[in-house]
Amino acid sequence: MDRFEPKIIGFLCNWCSYEGADAAGKSRRKYPANLRVIRVMCSGRIDPQFVMEAFRVGADGVVILGCHPGDCHYKEGNYKALKRYHLLQKTLAQLGIEKERCTLNWIAASEGEKFAEIVKEMVKKVKQLGPIDNSE
Amino acid sequence: MAKPNIALYWCASCGGCEEAVLDLNENLLKVVEAVDIVLWPVAFDFKYKDLEAMKDGEIAVSFINGAIRLSEQERIANLLRRKSGLVIAFGSCAHLGGIPGLANFWDREAIFNRIYKEVPTIDNQECNIPKEIVKIDGKELALPVFYDTVKTLSQVIDVDYYLPGCPPPPDLILQALTAILEDRLPPKGAVLAPAQSLCGDCPRKDSKPEVIHIKEIRRISKIIADPDRCFFEQGVICLGPATRSGCGARCIEANMPCRGCFGPLDNVVDQGGKFLSALASIFDTNDEEEIKKRVDSIIDPAGTFYRFSLPSSILRRRRISNN
């Protein structure tokens with residue numbers, strides 16, 4: 001019996017969150033291999049279309065990770081991400097994509113453990129939701 | 001020399017695009033002097049078999065309006081594609097899916113249930129719903145298949161050009177017709193309207209401040225909008241920034257915000273997503289609770305941002321299994 005292994009796309013900002021993910025690796029913290037990381041320079045670079053395209057091509061979940069508020073390498077990019085994220089979640093819900101499938105979190109460069117926990121949580125949650133259905 | 005043949009056909013449409021052609025007024029006389037109309041269901045009595053009998057490419061240009069919602073529409077769109085040199089997607093529905101595209105929030109079962117059973121004014125005790133094949137008196141009657149998903153014209157056939165608008169304004173139609181007759185068309189796939197957003201042409205653009213911040217989203221029906229100031233700046237959702245220009249800002253002149261019928265600019269696939277990004281970016285707060293309040297005050301983001309463009313968007317429709 002096939003067990004569903006969700007495909008999670010992660011958009012990580014180059015500065016804090018990517019470093020944080022690296023920190024998880026350096027301290028040999030295990031986290032599920034379901035995550036595919038796409039590095040962007042800033043979470044504010046994330047166009048809602050990226051998230052939609054990820055779901056269209058078969059991602060079952062999307063995580064967006066950026067610097068903590070106040071720590072953005074470009075000052076306010078993460079606030080842009082935060083604003084777009086909330087409006088995007090509401091819009092995606094109307095398109096039948098559950099809110100839990102797209103999450104936003106702040107990861108500092110040292111927070112390897114938090115990064116691993118976020119990925120584990122996401123995989124667990126999306127396993128419960130099941131695969132995304134793109135049939136027409 | 002024989003005049004070129006043209007065809008006009010309607011799919012899932014309201015008929016407004018046919019009226020837009022009539023809105024050419026006296027210019028219509030010039031058009032019919034220059035071309036022969038071989039198919040136009042709203043106006044002339046040609047039959048499908050006349051169309052089937054034509055040679056491939058016999059029609060110089062077909063103008064197809066309306067979205068694809070029935071198998072009949074898909075069939076005729078394919079037939080017209082074979083018989084035509086050029087196919088022009090005419091109007092928002094053919095271009096982007098249009099208003100009929102909003103049906104992509106539901107599927108056939110939900111739509112039929114609502115229309116044939118649940119609507120309060122319906123008296124349908126036998127729960128009759130349209131079926132594809134019905135046998136009556138030993139004969140078989142067929143209805144076209146009603147698809148779950150509304151599609152744009154380019155999602156079923158190869159489209160050469162797009163004339164945007166709901167409906168396309170008469171001057172844009174005339175420009176396109178003239179360009180065709182004079183063989184002055186841009187590269188294939190172009191949208192036959194300017195390559196800038198409505199903001200560039202807006203009569204209110206001089207009133208726009210350097211930076212726009214939205215403190216509060218206000219609904220156009222609940223306020224009396226200032227007729228001289230930018231809508232966005234008044235907190236009213238106006239899709240101008242994410243919408244192609246070329247309409248003459250007719251809605252703005254009528255003190256109504258842009259609804260996005262001309263579709264996105266070049267290199268943008270998903271008009272709603274692009275607008276979502278623009279709108280959220282200018283919320284006048286960095287506080288998460290305040291952001292959530294702003295988002296809550298937007299009643300129907302998907303319907304508003306994708307009012308004309310849902311079938312053409314990246315996700316195309318609401319996930320079916322979640323209905």
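Here are some notes on this two-chain model, point by point.

1. First, the ground rules. This is a predicted model, in which local features need pLDDT of at least 70 and side-chain atom pairs count only at pLDDT 80 or more, while totals for chains, interfaces and linings use all residues. Residues are numbered from 1 along each chain as its sequence is written, with chains lettered from A and ligands numbered from 1 in the order in which they are written.

2. A good place to start is the sheet of chain B. Five strands make an open, parallel sheet in the order S2-S1-S3-S5-S9; helices (H or I, at least four residues) and strands (E, at least two) are DSSP runs numbered from the N terminus, and two strands pair if DSSP finds at least two bridges between them. Its edges are S2 (36–39) and S9 of chain B, each pairing on one side only.

3. Within that sheet, S1 (residues 5–10) of chain B is joined to S3(B) by five bridges. Ile6(B) stands opposite Val61(B) in S3(B).

4. Next, look at helix H7 (residues 170–181) of chain B. Its 12 residues should span 16 Å at 1.5 Å a residue, and its end C-alpha atoms are 16 Å apart, so the two agree; the expected span is 1.5 Å times one less than the number of residues. The buried residues of H7(B) are Leu172(B), Ile173(B), Ala176(B), Leu177(B) and Ile180(B), where buried takes 20 or more other C-beta atoms within 10 Å, exposed 12 or fewer, and partly exposed lies in between, with C-beta atoms placed from the backbone. What covers them includes helices H1 (16–22) and H2 (26–34) and strands S3 (59–65) and S9 (161–163) of chain B.

5. Some backbone geometry deserves a look. Most residues other than glycine have a negative phi, and most peptide bonds are trans. Cys166(B) and Pro167(B) are joined by a cis peptide bond with omega of about -10 degrees, and Pro167(B) sits in the loop between S9 and H7 of chain B. Just after H7(B), Asp183(B) takes a positive phi of about 55 degrees.

6. Two further residues invite a check. Ala249(B), not a glycine, has a positive phi of about 50 degrees and is partly exposed, with 18 other C-beta atoms within 10 Å. Arg316(B), also not a glycine, has a positive phi of about 65 degrees, but counts as buried with 23 C-beta neighbours inside 10 Å.

7. Finally, the contact between the chains takes 25 residues from chain A and 29 residues from chain B, two residues being in contact if their C-beta atoms, placed from the backbone, lie within 7 Å. H3(A) gives the most to the chain A side, with 11 residues.
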